[in-house]
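This report describes a single protein model, beginning with its charged side-chain pairs and proceeding to its overall architecture and surface.

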Amino acid sequence: AIIETTVIVLYWVKSDNFYLAMDTMNYIELFVMSLIFVLVVVSNIFSVAKLKISQRNRERVAGINKRATITVFILSILFCFFNVTFIATYYCFLLKIEVNDTFFWIAMFLALPLNSASNPLVYILRKEHMRVYIRREFNRVTSRYGQMQKTHTVLSRGTSVL
């Protein structure tokens, strides 16, 4: 917060140090994001390893643990893909390396939201009770819509006769 405030003040007073402060802030943010990325990747590796070890130790829950291990692995791959795309593009931006405009826009503004949006999709695809819930809700909504359409048709026929 201190660096951002400094950048805003330097911009406000039209200081020559504004661009230096802005670059410094960007490099610090990128460094912190890279550390967080490494932390999450290492954590996911340990989680998958722990699930794999516990899967060997308990045969009766092996199916559940195997599915959990696969789910964590899928989420980790998606996390790596989207975040590496973002971080690499951010590095290119700071180092003034030319990147295709469309790719830059997707990587900088869509990669992280797509990562977040993909998580529920993975859970829906991987967990049976979530698929059942989605089907039930979908059927409930579509049947209600169908009833509304029938009511509308009956009302429109009734009014046209009069």
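## Salt bridges

Two salt bridges are present in the structure, a salt bridge being a side-chain nitrogen of Lys or Arg within 4 Å of a carboxyl oxygen of Asp or Glu. The model is predicted: local features need pLDDT of at least 70, side-chain atom pairs count only at pLDDT 80 or more, and totals for chains, interfaces and linings use all residues. Residues are numbered from 1 along each chain as its sequence is written, and side-chain values use heavy atoms, with hydrogens and water left out.

One salt bridge joins the side chains of R131 and E128, with an N to O distance of 2.4 Å. These two residues are three positions apart in helix α6 (residues 128-161), so about one helical turn separates them. R131 is partly exposed, at a relative accessible area of 23%, and E128 is likewise partly exposed, at 44%. Here buried means under 20% relative accessible area, exposed over 50%, and partly exposed in between (1.4 Å probe, protein chains only).

In the other pair, R140 forms a salt bridge with E137, and the closest N and O atoms are 2.7 Å apart. Both R140 and E137 belong to helix α6, with a spacing of three residues, or about one turn of the helix. R140 is partly exposed, its relative accessibility being 38%. Side chains of opposite charge can pair when their charged atoms come close.

## Overall architecture

The protein contains six helices and zero strands, giving the pattern α-α-α-α-α-α along the sequence. Helices (H or I, at least four residues) and strands (E, at least two) are DSSP runs, numbered from the N terminus.

Of the 162 residues, 24% count as buried. Among contacts with a separation of 6 or more, 58% are between residues 24 or more positions apart, where contact means heavy atoms within 4.5 Å.

## Surface

The protein exposes about 12,400 Å², of which carbon and sulfur atoms supply 70%. Accessible areas come from the Shrake-Rupley method with a 1.4 Å probe; for residues, only the protein chains shown count as cover.

A nonpolar surface patch is formed by I28, F31, V32, L35 and I36, which together have about 460 Å² of accessible area. Patches are made of residues with over 30% relative accessible area and no salt bridge; like charges are joined within 9 Å, and nonpolar side chains (Val, Leu, Ile, Met, Phe, Trp, Tyr) within 5 Å. Within this patch, I36 lies in helix α2 (residues 18-57) and is partly exposed, at 48% relative accessibility.
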